[in-house]
Structure formats: structure tokens, C-alpha cells
Amino acid sequence: MPFQPPQRYQSPHLPFGDRRDAPFYGKHILSVRQFQRDDLAYIFGVAHEMREMVLRIGAFDLLKGKILANLFYEPSTRTAASFVAAMERLGGSVIAINEVRYSSVTKGESLPDTVRTLEAYADVIVLRHPQEGAAALAARYARKPIINAGDGTGEHPTQALLDLFTIREELGTIDGLTITMLGDLRYGRTVHSLARLLSRYRVKINYVSPPVLRMPRDIVRELEAKGIPQAEYTTLDPVLAETDVLYVTRVQKERFEDPALYDRVKDAYVITPEVMARAKDRMILMHPFPRVYEITMDVDQDPRAAYFRQMEYGLYVRMALLAMVLGKA
Amino acid sequence: MPFQPPQRYQSPHLPFGDRRDAPFYGKHILSVRQFQRDDLAYIFGVAHEMREMVLRIGAFDLLKGKILANLFYEPSTRTAASFVAAMERLGGSVIAINEVRYSSVTKGESLPDTVRTLEAYADVIVLRHPQEGAAALAARYARKPIINAGDGTGEHPTQALLDLFTIREELGTIDGLTITMLGDLRYGRTVHSLARLLSRYRVKINYVSPPVLRMPRDIVRELEAKGIPQAEYTTLDPVLAETDVLYVTRVQKERFEDPALYDRVKDAYVITPEVMARAKDRMILMHPFPRVYEITMDVDQDPRAAYFRQMEYGLYVRMALLAMVLGKA
Amino acid sequence: MPFQPPQRYQSPHLPFGDRRDAPFYGKHILSVRQFQRDDLAYIFGVAHEMREMVLRIGAFDLLKGKILANLFYEPSTRTAASFVAAMERLGGSVIAINEVRYSSVTKGESLPDTVRTLEAYADVIVLRHPQEGAAALAARYARKPIINAGDGTGEHPTQALLDLFTIREELGTIDGLTITMLGDLRYGRTVHSLARLLSRYRVKINYVSPPVLRMPRDIVRELEAKGIPQAEYTTLDPVLAETDVLYVTRVQKERFEDPALYDRVKDAYVITPEVMARAKDRMILMHPFPRVYEITMDVDQDPRAAYFRQMEYGLYVRMALLAMVLGKA
């Protein structure tokens, strides 16, 4: 029989008070596909509690003594900062690794080795990586929970969760709403994941985009199979009045083979106070940010402009996920 | 009437125990111009308390649960590290954003959007930016306090405050002192701000510089209008013996059209033990750092060399400012 | 008599509860040469306690209120992350300075000035620097403890300590073991330091390397003088069966003048399951990491593969050192 190191080496720090029966304890967060409607209700319930706690006391010590390794292979200030804040508001600490391009990992070290190194130091790993499938690969080797913070053209599940949580908190419910997605629906990772998550609810979805930037057919068919009413448009006008949630993404010039075509269409996808004047009184305007010109700054004062609150909801969702995978929620 | 999101969304985390009646609570720190003599006395009183606490117990939990976003658009290790330490010695946490050049904000995101993103996560924002006016622009949009940590050729108020606090702590008072500023007085942002702050006191100021690097006329006139005695020299000799505070800045070669002129004058602005031998027994030598050659290393052992202590005073001043704007001092 | 600033300026924060009689309190950790066998026993005893604590409760507040400045002049993600985690698991805080190349220190500031700046903010400084002797230079000027985290071709004492601690924890003892070092023994800083530390014990050491990458003669002679049995080989076969610790390092192509020679020899230094099948049942396989091809990934599941546990031991050793130099162990 080969040499067996002492058993306790295998599972190093399992502090007292972990609720191992809790859903998602020790689980990876890799894809929106892993969440059924029950799961979403649970996550949003915890996120709502987090929000109440932050509003009341700012921060608390639920994850005191826990360490997050924030492993970013490509820069994403917003997402990285949001996870740092989430961990710190829960009393935990962070190892920030933002310079992967300069570090040993670019000198040929494999992602599995890097992940197994970091889990020697940390309790949970948040991973941002330019390649699709990176989070799943990391999870295959990790003993500690991996949270996917975006893997290339793949998934960005915490963004989709925060988008959905924003709708729930702002409008009280998701069932029965009409959601209109606007802009680049072809390459926009966030709208793909959001559409998939919305298919767990009774919603109507409108897609408004230039023809070359339509929502991919496989996603449309996937939602069709679930009985979600969907409709496609090239302008916002026909659906603006019925829209409860207007989700805006940027139309980027480099997506067009013919730049002249870009110049002709882009203004149709810019939200101004004039556009908002024709929208419902009770609706919200969302954007995954960064925003460049696609929502003008004079819209920011409109109470329906929810995009800055959306980031705050992201904080609560990430607090919930961290607490959940660490068995503390 | 347009849709109103629940009121509490507007002002997220106002924890218990905030002293909202405290001066500077929720205020931005943008410019030395905002501080009257009373304000300075108040700030220095708090900074002195911070110093006493650090000397006695190292750190304490005054800002536990609070988060600082340290937003540096250009590197400044010293200032960034000082704010991180200040927040940590008060029990708070930090989101460090040092890589703005690689992040989404350089992909076209405006400073107001970045600031409004970060305030969704943090309680206070320290901003370093290469453009004059950046801090004021950020403050126009921010709901949370902005602390200006240097905006280009504009202001660097916390540096000026720590310079003044150093003088007060080392010499017991500011009134009645003779301050001599040496070196590059034309481009040196720190000496401009310090001169303005000193004008709140009864001091005499000497300016010693090459003719091309004289103190700007508008500052000289501003102090003249306040009755501050000022005199200009090209060498230190005439004023060394009367100087209580010698504030040295670097004369940089690139400021001279004629490099030969630089080589001819630079040695006149270097502090050596020989120079110090002719200074008062009770005086202090200051420098905003980094220092290259303008104070030789064999001066460091001189008890009058206050520049390393100056950095420690910077820690206390920044602790005071953070506690004040967060309503805890 | 020259002006004396108040005495307390000289030694700023010495909180209550420091055990100044503790060994290593306030000491620098610069070189393996400073550790006698007694010292090693003491360090490993503290590291073992740290391990027990982490296994039991994850983190604790021994260094609460203490600040580590993690000053990395060259990137080393693994070492930096390990020190951050060590400080955070002890309840302390970190100022991370990873971007020295962009900061003022590259604008001509000397290492002594940078160190004296940081000690105005922090309680202990971990220094990684590309130049041999940098840590000793820093220590000459610092009032606070310096921990050498690698200085070029010089020392990396905490790596050697964690290597030795790994052997002790995994195999229960060091005396009586046969240690085989494999690969590049000429340029590998880690094997040099480890060999020196091992010479404090009763061990047998085998060196297995291509002839051009042999262990340097001065180290061999140094160990000879201490009566350590040593033997050199070019293949692993003759010593594999007697080996208790197999320490693998990478053979890099760029070390060979003749690339064809590299291609001919490199496979002889790769560890596969087939190699492990011929090793003892009770032995361990170590590697300082990063690993590229020199241990194949199908060895990772072997319980004798200790390299991921090795990183965890590194955490405990660094926790011990931080606690010790800060007078808390």
C-alpha cells in the first residue's frame, strides 16, 4: 500500500459553524444553467438579506477569517472591485491577483496548477479568464469553490444573477413582465445569460437590434421550447410603451463589416430623455456597464435609470454567493 | 408622476453611530482653499489624537466595516500606501484600483461613471488623477466623499496638510516661524499648496530658487495681500541661519532650456552636513519625497532631518481625514 | 547640542502584549545561514502550531492591527500570495506593492529610502528584489523587520524553511533521511539553500543532474566539511529506491549551449507514474513550483506527491515568521 499522508491534510480548514447542509455549500458557481427557479429564489432571498444588513449596519463578520483569492487573468475593474467589496463587507479578506500576465502563470504554469496553489492559501477562488471553459477546467481540479467571474465568450453567471435580482428588487416580481433587450444581442454575453435565466419565469421578451446583431438562433429556440413569447424588431418604437425592463447594450462599430452601416443605425439604439418620455412611468432602464454613448448622461437623473443601483445589487448577489459556497448562509 | 424607487435606495449604508453633526462629515476634501484656520486646528487635533493612538496601540476599530476605494489613475506608491495604511490602522478595508490604464475606464468610461460605480461598493473614494480639476468633477457626481490625492498640476491637499502638521508636531507651533522653501518653486505643486496654507498663520517665508524656477507671481501676490512677509533669493546663504523650517524640493534638469545652466546651479540647492552645520540647532529639514540627490544620505542621521517622520505624520493626517469624512471623529 | 525631537518619535508603535524577550522579535529574516538547528526547531514548532490553528479554526487575531508591506520589485505571484494569506489568517492587514516598476521608486528613489518610507506606515516589510544583497541593504537602514522573499541569485530563506518544514511534517523527522535533488542543481537557488539547511541534520544527499548543471563546488565542499555524505549522479536510477525525499527542479533549455544536448537529456529528469512505481512506498515528491513538464500531471493523484501540500506548509512557515518577528509567538 502506498504511503498515506495523515488524513487531515486532505481537507485543511473546515472551521466550526459551517452549515454543510446548506444549499451550495462547497459548490462551484460556473454557469446560469445550474440554477433552477428554486435556486434563484433561494439566492435572491439571501441577497435581499445581505442588502438589508448593509443598509442597516454597513458590514458584518459572517466571513471573518475567510480568504478570497480574486484571480483575474484579464482586467475587469468593476467585477473585481465588486467581489473585493462583497468579501470585505462580510468581514473576510482578499488576495488580489490582477497581474497574471506578469506572473509565473504566464511562464507556462497551467490553470489547474495555479488554482491548486491558490487553494493552499484561500478558502474560495473567483476566476476571470479570457478562454471559454476556463472556469469548468479550474473546477475539475479544485477542492475549494470556484466562482466564475466571466470566461471569455462563455458565461458570466454572477452578472446574469445580479441583472435578475435588480429586476426583482426594483419591480417586486419577475413573472408577468415584458423585458426588451436592445443593441448588440449577438455578441453580448450578458444578454445571452440573462435570456436563459429569464426563461425560468413567465415573461415576454422583445429583442431590438440591427439585423447583423440579432440574438443567436440557438438561444431563441431554447426559449421557444420553454414556451417563452419572443419577438424581434430593428427599432425600439413598437415595443417601448409595453416595456417593463429596457436592457441596453452597446453597439460597437467593429462588429460591422460596413462602417457606413454602423453610422446609419447606431443612433436608433441610443437612449435619451426623449426616448424615456415615451416609456412607462413604472419601468426600469438597465445597462451592464461600462456605458459610452448608448445612454446619454442626462438620463441619469431619471428615477427609472436603474444602472447605478444595478451595481449595488451586484454587491449583494456576490455577498450572497460567497456566503453560500462557504456554508455561512 | 414617474416611477419612484424605494427611498432607501438613495442613501444606502449609514451605519449606527455616525456623528452627522461632526465637521466634514460627508464632505469632499478637494483643495487647501477650503480650510480656514479653525478647520486646520480641528484636523490637526484629530491627527494628533490618531498619532497618540497609533503610538499607544498601533491600530483600532474606528472604521471597522467601512471600505475605501483607492482609485489611482497614475501610480503614486507613497500616497497610495499611506491611504491604505491609514484605512487599515482604523480597522477599515480597501479596494485598491491601481491599474486604471488597463481597465474598462480606459475603454472610454467617463470619470463620473467610474466614481458612481465605485460608490456602489465603497464608503469613501480617494482619487489620484493626472488632470487638473478631476477631483472636483468626480465630487460633482459623487454621493460619497471624494478625497483628492493629487490632480495633475492642480491640488494635493493632503500633502499640504501633512507638511503643516509636521511643522506643528515637530516645533510645537506655526505662528512666528520662518519657513524657507528651496529648489523648484515654479512647478512644485507641494510648495504652492503649502504656501497657501501657511498664509493662514503669522509666518515669514523665504523663497530660494534659480531665477527660472521662482514661485509663481499669483501666489506671491495672494500671500502679499494677506500681509505675509516674503523674500526671494537665489542662494540659501542669506537665510539659512534664520530658518526654522527648510523645505527642499528637487531641481529637475528637464525644467531648464539650457542644460549647462542646470549643471551650473544645481549644486547650490543640495543639502549636505556642511549646510546643516550652519543651520539652527532647533529647526527641521523637510522634503516631500522621493528624494534623489538634493539631500545627501549622510544628512539622514541628523535629528533635524524630519523627512521620514514627515511620512509618518502623513499617516496620521490621512487617518484623521478618513475618520472625519466618515463621521467618526 | 543639536535639536532632539521627542524621544517617542524614534520607535513608533510598540503595542501592548509584544513579547520582546521572544526569539527573533524585531529581527530580520535574511538568509538561511542565520538559523542554527535550535532556531529551526523553534520555527517549525511555531509553524506546526499555526497549522493546527488553521486546521481547527481557519484564522485568528494574533496580528490584528499589524500591517505588512509586501514590497515586490519583481512579480512572484506564489510568494506574494502566500505572505498575504499568512498575514490575513493572523488577522493582520497588507499593503501590497506589486507595481514597483511604475512607481516613484523607479524614478530614481533608492531602496533605503523606499524601505524607510514604508516603515512609516507598516510594521514589517517583505521584500522581493532582483538583485543579490538587496535584502541585506534594506535591513541596514530599516527600523522594522525585513523578511527576504528572494533577492536575485542570492537567498530565498522562507522557501528553504518551508521545504524543510514539509519534510518534517510529512515524514516526522529529518535525521536519517536520504534526500535526492534532481534537475538543475547549478542555477536552482532553492536547492542551494535547502542543501545548506539540511547540513544542520544527519542526512544523506544525492545530486542527480546533467553534468553541466551540477551542484556548485563550494556548496558541496561546505557540506563535506560538516560531514554530510553526498553523491553525484546523472540519472535517477541508482538512487531512486533508497530515496526518502525526491526534490525535483526544472531543467531549462536556455541553460544549455547546445540545444541538441538538452533534447537528449531532458527526459531523464521527468517524473512519471512509471518512475514513482519504482520509488519507496513511504517517501515524498517535492517541487518548488511552478512546474511545467518535469512532473507529469498523472502523478498528482499519488499520495506521495507532496508539492501542493508543500505550498500549504509555506503558509504556516510564513505565519510563524511574521508572528515571530512581530513578537507575538
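At what angle do the axes of helix α1 and helix α5 of chain B cross, and within what distance do they come? I take that up in point 4, after a look at chain A. Please keep in mind as you read that this is a predicted model.

1. Overall shape of chain A. You will find 11 helices and 9 strands in chain A. A compact globule of 329 residues would have a radius of gyration near 20 Å, and the 21 Å of chain A agrees with that. Along the principal axes, the C-alpha atoms fill a box of roughly 70 × 45 × 40 Å. Of the 329 residues in the chain, 52% count as buried. Among contacts in chain A with a separation of 6 or more, 75% are between residues 24 or more positions apart.

2. Two domains. The domain assignment splits chain A into domain 1, covering 17–155 + 313–325, and domain 2, covering 158–311. Their C-alpha centres lie 26 Å apart. Each side brings residues to the contact: 18 from domain 1 of chain A and 18 from domain 2 of chain A.

3. The domain 1 side of that contact. Which elements of chain A give two or more residues to this side? They are α1 (37–57), β4 (146–151) and α11 (307–325). By class, the side of domain 1 that touches domain 2 in chain A has 10 nonpolar, 3 polar and 5 charged residues.

4. A helix pair in chain B. Back to the opening question: the axes of α1 (residues 37–57) and α5 (residues 157–171) of chain B come within 11 Å and cross at roughly 70°. Angles of 65 to 115 degrees count as roughly perpendicular, so α1(B) is roughly perpendicular to α5(B). On the α1(B) side the contact is made by Leu40(B), Ile43(B), Phe44(B) and Ala47(B), and on the α5(B) side by Leu161(B), Leu164(B), Phe165(B) and Arg168(B). Those residues divide into 7 nonpolar, no polar and 1 charged.

5. Cis peptide bonds. Most peptide bonds are trans, so the next two deserve a look in your viewer. Phe289(A) and Pro290(A) are joined by a cis peptide bond, with omega about 0°. In chain C, a cis peptide bond joins Phe289(C) and Pro290(C), with omega about 5°. Pro290(C) sits in the loop between β9 (284–286) and α11 (307–325) of chain C.

6. The surroundings of Pro290(A). This proline belongs to the loop between β9 (284–286) and α11 of chain A. Is Pro290(A) buried or exposed? Neither label fits: a residue needs 20 or more C-beta neighbours to be buried and 12 or fewer to be exposed, and Pro290(A) has 19 inside 10 Å, so it counts as partly exposed. Arg78(A) is 212 residues away from Pro290(A) in sequence, yet their C-alpha atoms are 8.7 Å apart in space.

7. Positive phi values. Most residues other than glycine have a negative phi. Phe24(A) has a positive phi of about 75° although it is not a glycine. Phe24(A) is placed in the segment before α1 of chain A, and it is buried, with 22 other C-beta atoms within 10 Å. Phe289(B) also has a positive phi, near 60°. Phe289(B) is found in the loop between β9 (284–286) and α11 (307–325) of chain B, and with 21 C-beta neighbours inside 10 Å it counts as buried.

Terms used:
Residues are numbered from 1 along each chain as its sequence is written. Chains are lettered from A and ligands numbered from 1 in the order in which they are written. This is a predicted model: local features need pLDDT of at least 70, side-chain atom pairs count only at pLDDT 80 or more; totals for chains, interfaces and linings use all residues. Helices (H or I, at least four residues) and strands (E, at least two) are DSSP runs, numbered from the N terminus. The radius of gyration is taken over C-alpha atoms; the globule rule is 2.2 Å times the number of residues to the power 0.38. Two residues are in contact if their C-beta atoms, placed from the backbone, lie within 7 Å. Domain bounds come from an automatic or database domain assignment. Ala, Val, Leu, Ile, Met, Phe, Trp, Tyr, Cys and Pro count as nonpolar, Asp, Glu, Lys and Arg as charged, and the others, Gly among them, as polar. Axes are lines fitted to C-alpha atoms, for helices over the stretch in contact, and angles run from 0 to 180 degrees between N-to-C directions. Angles under 35 degrees count as roughly parallel, over 145 as roughly antiparallel, 65 to 115 as roughly perpendicular and the rest as oblique.
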